[in-house]
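Got your viewer open and a selection box ready? Load the model below and follow along, one stop at a time.

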Amino acid sequence: MSEKIAEVKSLEEDVKLQEYSSKLYNLRKDGVNKVMSLQQEIQAAKRNKLLDADERNRMIADWSKQIVEARQIAAENRDEEKQVEKEAVAYSNSIAKDYIASIISEQNAQIASLTEGYQQEVAKIRSDAGEEIARIQSSGKDPETVKAEVSVCKYEMNSSLFDAKSRYRSTLARCKAAKNQAFVDHVQKNRALRNGKSKFSEDFNLSIREYIYNFTPSKFFLENGLYLAILVFFIVCVIIAPMSGRGALFSLPNILTIFEQSSTRMFYALGVAGLILQAGTDLSVGRMVALGSVTTGLILHPGVNIVKFFGMGPWDFTSLPMGLRVGMALFLSIFLCVLFSSFAGVFTAKLKIHPFISTLATQLIIYGLLFFGTTGTPVGSIESEIKDMIGGRWFITPTITFPKLVIPAVIAIIVAWFIWNKTTFGKNMYAVGGNSEAAAVSGISVFGVTMGVFIMAGIFYGCGAFLEAFRANASAGTGQGYEMDAIAACVVGGISFNGGIGKIGGAAIGVVIFTGLTYCLTFLGIDTNLQFVFKGFIIIAAVALDSVKYLKKK
C-alpha cells in the first residue's frame with residue numbers, strides 16, 4: 001500500500017484529484033454546465049402557470065441568448081476539457097486500485113477480528129451458562145425449583161447468544177458495505193469527472209459487484225427456485241425423449257413450433273398482465289378469444305357461412321375486397337373485446353368490484369351469447385390465401401419453416417414494454433397497483449388508470465383472438481382454459497398478485513416457458529388430463545413463492 005493511499009481516507013481527499021475536479025469545473029461552469037442549467041430554467045418557465053405570457057417570453061428570450069454565448073464558450077473549451085477529463089479519469093483509475101485494495105484489506109482484517117471476538121463471546125456465554133446450570137443443579141433445592149431455574153438460565157443464555165449474533169451480523173454487514181462502497185465511490189467519481197456520463201464497462205462491473213454484495217443463497221432460491229425446478233424438468237424431458245424413441249425434443253423445428261404456439265397466447269398474457277399488476281385477474285380471456293375468433297372466421301370464411309347468428313344469416317362476405325375484410329375482421333374483434341372488457345372495467349373501477357367477479361360475469365355473458373347465437377357450430381376455415389399470408393410459414397430450408405405469427409407477437413411485446421416502461425400511463429399502472437389510495441392522493445386518476453388497463457387488455461385480446469382464427473376452426477368453445485394459461489404464464493414470469501410488481505419481459509418469458517412445458521408433456525405422450533395436474537402444481541408453487549416474498553418484504 002502506498003503512503004499516499006494510507007493517508008487518504010477517500011478519493012475526494014486526494015489533492016491532485018481535487019485539482020482536476022476544480023479545473024474541469026472552471027472549464028464547464030460558463031459552458032456546458034450553463035447550457036444545461038439555462039435549458040432547465042426554460043423548461044421550468046414553460047411549466048410555470050403563474051407567469052404571464054410576456055414575462056415568460058422575455059425570460060426565455062434572454063436565456064436563449066445566454067445559451068448561445070455559453071455554447072460558444074463550451075466549443076472553445078471542448079478540446080482542453082476532453083484532455084483534462086481523460087487525464088483525470090486515468091489518474092482516478094490509477095489511485096482507485098490502491099484505495100480499493102486498502103479498504104478491502106482493512107475491512108477483511110476487521111472481519112477476521114470480529115469473527116474471532118464473536119466466537120470467543122459465544123464460548124464465554126455458553127461456559128458461564130454451563131457453570132450456572134451446574135451450580136443450580138448442585139444447590140440441593142427441590143427438583144421443581146431446579147428445573148425452573150435451569151429453564152430461566154437456558155433462556156437467558158439463548159437470549160445472550162441471539163444478541164451477540166445480531167451484533168456480529170450487523171457489524172459484518174457494515175464491513176461488507178464499506179468494501180462495496182469503495183467500488184461505488186470510484187464509479188461515481190469517474191462519472192463526476194465525465195460530467196455525469198456513465199461508461200458501460202464501469203456500470204457492468206458495478207452491477208456485478210452489487211449482485212455479489214446483495215447475494216444470499218436463501219434469497220436466490222426464493223426468487224429463482226421455480227425456474228430452477230422448471231429447468232430441471234426440461235433437462236429430464238430432453239434426456240427421456242430420445243430414450244423413449246420420440247427423437248430430439250428441442251430440435252429447431254420443435255422450438256419454432258413452441259414459438260408459434262406461444263404467439264397468440266402472448267397477446268392474452270400481455271392483456272391479463274396489466275390486470276394482475278393491479279392486484280386483479282381476468283377470467284373472461286378464453287371467452288374473449290372465442291368471441292374474436294368466431295367474428296374473424298365469419299368474415300374471412302370462403303363462400304357462404306354455415307353459421308347463423310341469432311337466426312340471422314348465413315352471410316357471404318366474399319364480394320368485399322380481401323383487404324377490407326381483413327381490416328373489418330380485426331376491427332370488430334378488437335371492438336367487441338374492448339366493449340366487454342370495458343363493461344367489466346366499469347364495475348371494477350367505479351363500484352370497486354373485484355376483477356375476479358366482474359370478469360367472471362363477463363365470461364358467463366359472452367359464453368351464453370356465443371353458444372346460444374351459434375348453437376356451438378364451428379364457423380369453418382378461413383380462405384387459404386389470407387390464412388397462409390398471415391398465419392402461414394416461411395421456408396428457411398426445405399424441411400425447416402418459420403411461423404409468421406411470431407412477428408405480430410414480437411411487435412405486441414415491444415408495444416406493451418413501451419407502454420409499461422416509457423409512458424406516464426405505465427408509471428401510473430405501477431402506482432395504482434402498488435397502492436391505489438396513495439396514488440389517488442398524489443393526483444392519479446385511479447378510475448382512469450383502471451379503465452385504461454381494461455381497455456388495453458381488450459385490445460390485446462382482440463388482436464390475439466383475430467390471429468387465433470388462423471390456427472384452427474373457430475367456434476364458441478375456442479379458447480377454453482386459455483385464461484388459466486395466461487394467468488399462470490404471468491405468475492411464472494414474476495408478475496405479483498399483490499400488485500405493483502412485475503415486468504412485461506417476465507410475462508413474455510412466462511408464456512414461452514409455460515407453452516414449452518405443455519409441448520414437452522405432449523411430446524412425451526403424457527395424457528392431456530395429467531397435464532392439468534402439472535400446470536396446477538406450477539401455478540400453486542409460483543403463487544406460494546410470490547406470497548412468501550411478499551410476506552418477507554412486509
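**Stop one: E260 and its partner**

Select E260 to begin: at 17% relative accessibility it counts as buried, where buried means under 20% relative accessible area, exposed over 50% and partly exposed in between (1.4 Å probe, protein chains only). Before going further, note that this is a predicted model, in which local features need pLDDT of at least 70 and side-chain atom pairs count only at pLDDT 80 or more, while totals for chains, interfaces and linings use all residues. Numbering runs from 1 along each chain as its sequence is written, and side-chain values use heavy atoms, with hydrogens and water left out.

Now add R393 to the selection. R393 is partly exposed, with a relative accessible area of 25%. The side chains of E260 and R393 form a salt bridge at 2.8 Å, N to O; the term stands for a side-chain nitrogen of Lys or Arg within 4 Å of a carboxyl oxygen of Asp or Glu. E260 sits in helix α8 (residues 252–277) and R393 in strand β1 (residues 393–395), so this pair ties together parts that are 133 residues apart in sequence. Helices (H or I, at least four residues) and strands (E, at least two) are DSSP runs, numbered from the N terminus. How many salt bridges does the rule give? The count comes to 15.

**Stop two: along α4**

Jump to D52, which caps the N-terminal end of α4: one of its side-chain oxygens lies 3.2 Å from the backbone nitrogen of D54. That is a polar contact, meaning a pair of N or O atoms within 3.5 Å; within protein, one must be able to donate a hydrogen and the other to accept it, and residues adjacent in sequence count only if both atoms are side-chain atoms.

Next, show all of α4. The helix has 85 residues, but its end C-alpha atoms are only 90 Å apart, short of the 126 Å that a straight helix would reach at 1.5 Å a residue (the expected span is 1.5 Å times one less than the number of residues). Where is the kink in α4 centred? Go to R78, the centre of a kink of about 50°; the bend is the angle between axes fitted to the seven residues ending there and the seven starting there.

Pick R28 and E85 next: their side chains meet in a salt bridge (2.9 Å, N to O). R28 lies in helix α2 (residues 15–29) and E85 in helix α4 (residues 53–137), so the bridge ties together parts 57 residues apart in sequence. Both R28 and E85 are buried. Add E81 and you have a salt-bridge network of R28, E81 and E85.

Further along, select D128 and K124, another salt bridge at 2.8 Å, N to O. These two are 4 residues apart in helix α4, separated by about one helical turn. D128 is partly exposed at 36% relative accessibility, whereas K124 is exposed at 52%.

**Stop three: two buried residues**

S341 is in helix α10 (residues 322–351) and is buried, with a relative accessible area of 2%. Expand the selection by contact (heavy atoms within 4.5 Å): leaving out residues up to four places away in sequence, S341 touches M288, F454, I455, A457 and G458.

Finish at V492 in helix α17 (residues 482–492), also buried, with a relative accessible area of 2%. Among the residues V492 touches, beyond four places away in sequence, are L226, Y227, G510 and F514.
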